[in-house]
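Student: I'd like to learn how to read helix packing, strand pairing and unusual backbone angles. Could you walk me through a case?

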Amino acid sequence: MSHLFSSLRIRSVTFPNRLWVSPMCMYSAVDGIVQDWHRTHLTQFADGGAGLIVAEATAVVPEGRITPRDAGIWSDEQRDAWAPIVQAVHDRGGLAGIQLAHAGRKASTWWPWAAQRGSVPESDGGWQTVAPSVVAFDGFAEPLGVDAAGIERIVDGFASAARRAIDAGFDVLELHGAHGYLLHQFLSPLSNRRTDEYGGSLENRARLLLRIIDVVRAIAGDEMPLFVRISATDHADGGFTATEAATVGEWAIGHGADFIDVSSGGLVAHQQIDVHPGYQVPLAQTVRRGGRIPVSAVGLITAAAQAEQVIADGAADAVFAGREWLRDPHFGLRAAHELGVEVAWPPQYERARWR
């Protein structure tokens, strides 16, 4: 029996397996509105056997976009563009999640294949960024320190986005608290220099994330799974640590989150990371705390046997992969075939099972 292809139930949702698609930015939206590209991109993974497909970091307010080409869900028009994509995933037997995000000081930047790098000036469609403190990301424009009213607007933005995501039909909500974006910026002492109730102690630095979990859980009700992605370490001296991440994970679960999606890094440009297959799995194991906190693992997980071992070892409850799904949108079906597991295939693909 495969551990990777065992089902997992979280609240009212049963995931058919534990090999999931990570949120991956496509930088292909127009005014925050997703396009045909997103439909094709996401539905292929449902055909390919993914247990869950989480759509890319989706901005909850316009100024929360990483780039001008990011997806958004701050308007009803954006919600209505997402709805048929979610339905198409469902029609193919898949489950759809969405990652609600605010980029903070890492917003208003050029997309990866643009000729330019760094912050987009307002003359080219950029905007003023905000952050916990007036501390810029290396090479990016200086942000404004968000004030009390601004914090309330951020909380309201996440709440409104959650409502629209539910109305669009998503099965899972995920809050993006990783990779150096706004909620991570509040968590890390390297970017959070505040002296009010949102700065200083770990409890204060986690306050905004926990407030957002509270309001999103209230909107989502008792049936819908709520995930939180965190960077379990900044990979930098004086930054956020795995021990702190485990504590924040426990607090998040206590406030109504169901699952911690464990990644790392992204806060500073000078991070030092020893990158190798499965390099972030030990972080997930630390946050999991012996199984008390449900977690997923990521980080160069590219093979069926490797993903199977992560679950079998008890390091994580599920595996998120990104690049391998891009290389092979049928990674789930291939993994099941390699592990000798019988799973449902699209009838159009049945011949691929013939030996």
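Tutor: Let's go through helices, then strands, then the backbone. This is a predicted model, where local features need pLDDT of at least 70, side-chain atom pairs count only at pLDDT 80 or more, and totals for chains, interfaces and linings use all residues. Residues are numbered from 1 along each chain as its sequence is written, and side-chain values use heavy atoms, with hydrogens and water left out.

Student: Where do the helix and strand numbers come from?

Tutor: Helices (H or I, at least four residues) and strands (E, at least two) are DSSP runs, numbered from the N terminus.

Student: Fine. At what angle do the axes of helix 9 and helix 11 cross?

Tutor: Two packed helices are described by the angle between their axes and the distance between the axes. Axes are lines fitted to C-alpha atoms, for helices over the stretch in contact, and angles run from 0 to 180 degrees between N-to-C directions. Here helix 9 (residues 304-312) and helix 11 (residues 331-339) cross at roughly 80 degrees, with their axes coming within 9 Å. That makes helix 9 roughly perpendicular to helix 11 (angles under 35 degrees count as roughly parallel, over 145 as roughly antiparallel, 65 to 115 as roughly perpendicular and the rest as oblique).

Student: Which residues make the contact?

Tutor: Helix 9 brings A304, A305 and E308, and helix 11 brings F331, A335, E338 and L339 (contact means heavy atoms within 4.5 Å).

Student: Now helix 3. How far apart are its end C-alpha atoms?

Tutor: The expected span of a helix is 1.5 Å times one less than its number of residues. Helix 3 (residues 148-168) has 21 residues and should span 30 Å, and its end C-alpha atoms are indeed 30 Å apart. Its buried residues (under 20% relative accessible area; exposed is over 50%, partly exposed in between, with a 1.4 Å probe and protein chains only) include I151, I154, F158 and R164. The buried residues of helix 3 pack against partners including helix 2 (76-91), strand 8 (172-177) and helix 6 (207-220). Just after helix 3, G169 has a positive phi of about 105 degrees.

Student: And what follows helix 6?

Tutor: G221 does, with a positive phi near 75 degrees. The 14 residues of helix 6 should span 20 Å, in agreement with the 20 Å between its end C-alpha atoms. Among its buried residues are L208, I212, V216 and R217, and the buried set packs against helix 3, strand 8, helix 4, strand 9 (226-231) and helix 7 (242-254).

Student: On to strand 9: which residues point which way?

Tutor: In a regular strand the side chains alternate between the two faces of the sheet. In strand 9, L226, V228 and I230 point one way, F227, R229 and S231 the other, and all are buried.

Student: How does strand 9 pair with strand 8 and strand 10?

Tutor: Two strands pair if DSSP finds at least two bridges between them. Strand 9 pairs with strand 8 in the parallel sense over five bridges, with V228 as the bridge partner of L175. Strand 9 and strand 10 (residues 259-263) also pair in the parallel sense over five bridges, and there V262 is the partner of I230.

Student: What is the phi of Y27?

Tutor: Most residues other than glycine have a negative phi. Y27, though, has a positive phi near 50 degrees. Y27 lies in the loop between strand 3 (19-21) and helix 1 (36-47) and counts as buried at 13% relative accessibility.

Student: And S108, buried or exposed?

Tutor: S108 is buried, with a relative accessible area of 1%. S108 sits in the loop between strand 5 and strand 6 (130-131), and its phi is positive, about 55 degrees, although S108 is not a glycine.
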